[in-house]
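New to this one? Here's a quick briefing to read alongside the sequence and the 3D view.

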Amino acid sequence: MHDIAVHNGSGSVGADLVGALAIVIFATTYAGVAMGRLPFFRLDRTGVAFVGAALMVATGAIGFHAAMAAIDFNTIALLLGMMILAAA
C-alpha cells in the first residue's frame, strides 16, 4: 500500500550512513518535541517536528512519496476546523 523503505542492514556504507542519520534525526526531533524546544535554536515543537521531517526526506531516510502518503489530510482538516472554531 505505501512505499515506505525499510533499512535492512545490507551493509553498504551509504545505507548504513542513512540509517545512522535517521536515528540521530529521530532522537533529536523526539528530544526537541519532549522538551518543548531545542537549546540554541529558536524553534518551538511545531518547528522542531517540521525540520525533523524535512531532514528525513532530504537525507533519503524516507522517500518523498512515502512521506506524503503518511500524512492524513482528514486529520489536518479536522485540526484546522477546531482551531478556527476555538479562535472564534
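Let's start on the surface: Phe 64, Met 68, Ile 71, Phe 73 and Ile 76 come together there as a nonpolar patch, with a joint accessible area of about 490 Å². Keep in mind as you look around that this is a predicted model.

**The nonpolar patch**
- Two helices feed this patch: H3 (64-69) and H4 (73-87) each bring at least two of its residues.
- Ile 71, another patch member, sits in the loop between H3 and H4.
- Is Ile 71 buried, partly exposed or exposed? Ile 71 counts as partly exposed, because its relative accessibility is 36%, and the partly exposed class runs between the 20% and 50% cut-offs.

**The overall build**
- The protein has four helices and zero strands.
- Going along the sequence, you'll read the pattern α-α-α-α.
- Of the 88 residues in the protein, 15% are buried.
- About 6900 Å² of the protein is exposed, and 74% of that comes from carbon and sulfur atoms.
- Take the contacts with a separation of 6 or more: 42% of them link residues 24 or more positions apart.

**Helix H4**
- H4 runs for 15 residues and spans 21 Å from its first C-alpha to its last, which is close to the 21 Å expected at 1.5 Å a residue.
- How many of the 15 residues of H4 are buried? The count is zero, so H4 is hardly covered, given that buried means under 20% relative accessible area.

**Helix H2**
- H2 covers residues 45-59, which makes 15 residues, and its first and last C-alpha atoms are 21 Å apart, close to the 21 Å expected at 1.5 Å a residue.
- Which residues of H2 are buried? They are Gly 47, Val 48, Gly 52 and Met 56.
- Just after H2 comes Gly 60, with a positive phi of about 85°.

**How confident the prediction is**
- The average pLDDT of the protein is 86, and 85% of the residues score at least 70.
- Among the elements, H4 has the highest mean pLDDT, at 95.
- The lowest mean pLDDT among the elements belongs to helix H1 (residues 13-35), at 90.
- A general word of caution: where pLDDT is low, don't read the predicted coordinates in detail.

How values were computed: Residues numbered from 1 in each chain as written. Predicted model: local features only at pLDDT ≥ 70, side-chain atom pairs only at ≥ 80, totals over all residues. Heavy atoms only, no water. Buried < 20%, exposed > 50% of the residue type's maximum accessible area, 1.4 Å probe, protein only. Contact = heavy atoms within 4.5 Å. Areas by Shrake-Rupley, 256 points an atom, 1.4 Å probe, with all protein chains shown as cover. Patch = residues over 30% accessible without salt bridge, like charges linked within 9 Å, V, L, I, M, F, W, Y side chains within 5 Å. Salt bridge = Lys/Arg side-chain N within 4 Å of Asp/Glu carboxyl O. Expected span 1.5 Å × (residues − 1). pLDDT = per-residue confidence, 0-100.
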